[in-house]
Amino acid sequence: MTPEPISLDEALASFDELWSPRIVTAVNDYDVRVAKVEGEHIWHVHDDTDEFFLVLAGELRIVLREPGGERTVTLPKGAVFTVPRGTEHKPVSPEGASILLFEPTGTLTVGDRHDAVPSHVDATTGHRLT
Ligand code: NI
């Protein structure tokens, strides 16, 4: 929790790194994180937690590997989507986006199992706002 209100615009303006979430506040044992994204993240899976996405600006796509095959969901600004636990997914944003994530504190951006992590992806449990 935080003692004062937080401007998401100011939080987003305080860093430039892509795919590198900042923790803006916490709710019980969940983090509220914001991130700037562009290009492709990596295939990964969170075995024990769902992962909530809200698109604040731009457009995010999430490719899902489901029992029936691969499916891409497209989230314009203002859209929310929850990736179910255990579902392999890859966030993608060709044009760039700002997103808000809601997930248990300590959740790793690259999940519990993942592809090799390229240099443009930050494997982190979220950074503090500075
Ligand atoms: Ni994920």
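**A strand, its partners and a nickel site**

Strand β2 (residues 30–40) pairs with β8 in the antiparallel sense, over ten bridges. Strands here are DSSP runs of type E with at least two residues, helices are runs of H or I with at least four residues, and both are numbered from the N terminus. Two strands are said to pair if DSSP finds at least two bridges between them. The model is predicted, so that local features need pLDDT of at least 70 and side-chain atom pairs count only at pLDDT 80 or more, while totals for chains, interfaces and linings use all residues. Residues are numbered from 1 along each chain as its sequence is written, and side-chain values use heavy atoms, with hydrogens and water left out.

Strand β8 is a good place to begin. This strand covers residues 88–104, and 13 of its 17 residues are buried, so it is largely enclosed by the rest of the structure. Buried means under 20% relative accessible area, exposed means over 50%, and partly exposed lies in between (1.4 Å probe, protein chains only). Within the pairing of β2 with β8, V34 has L100 as its bridge partner. Strand β4 (residues 51–58) also runs antiparallel to β8, joined by six bridges, and here V55 has I99 as its bridge partner in β8. Strand β5 (residues 60–66) is joined to β8 by five bridges, again antiparallel. In β8, H89 stands opposite L64, and V92 is the bridge partner of R61.

Strand β5 has a further partner. Seven bridges join β5 to β6, and the two run antiparallel. A hairpin of two residues connects β5 to β6, and L60 has L75 as its bridge partner in β6.

The nonpolar interior can be described next. A nonpolar core is a set of buried Ala, Val, Leu, Ile, Met, Phe, Trp, Tyr and Cys residues joined through side-chain atoms within 4.5 Å. The largest such core has 15 residues, of which V37, F53, L60, I62, L75 and I99 touch the most other members. Two or more residues of this core come from each of β2, β4, β5, β6 (69–75) and β8. Another core, of seven residues, lies apart from it and includes F15, V24, V34 and L100. Contact means heavy atoms within 4.5 Å. Leaving aside neighbours within four places in sequence, I99 is in contact with R33, V34, A35, V37, F53, L54, V55, L56 and L60.

R33 belongs to strand β2. Is this residue buried or exposed? R33 counts as buried, at 0% relative accessibility. A polar contact is a pair of N or O atoms within 3.5 Å; within protein, one must be able to donate a hydrogen and the other to accept it, and residues adjacent in sequence count only if both atoms are side-chain atoms. Such a contact, of 3.2 Å, joins the side chains of R33 and D31. A polar atom of the R33 side chain also lies 3.0 Å from the backbone oxygen of T125.

T107 lies in the loop between β8 and β9 (113–114). T107 is buried, with a relative accessible area of 8%, and its side chain reaches the backbone oxygen of P104 at 2.6 Å. Leaving aside neighbours within four places in sequence, T107 is in contact with R33, H46, T49, T124 and T125.

H46 leads on to the metal site. Which residues are the protein donors of the nickel ion? They are H44 (NE2), H46 (NE2), E51 (OE) and H89 (NE2), lying 2.0 to 2.2 Å from the ion. Donors are N, O and S atoms within 2.8 Å of the metal (3.2 Å for Na, K and Ca); water is not among the atoms, so sites may look incomplete. Along the chain, the donors follow the spacing H-x1-H-x4-E-x37-H. Both H44 and H46 are buried.

Why is the arrangement irregular? The four donor atoms subtend angles of 85 to 169° around the nickel ion, which makes the arrangement irregular. Four donors count as tetrahedral if all angles lie between 85 and 135 degrees; four count as square planar and six as octahedral if opposite donors are over 155 degrees apart and all others between 65 and 115; anything else is irregular.
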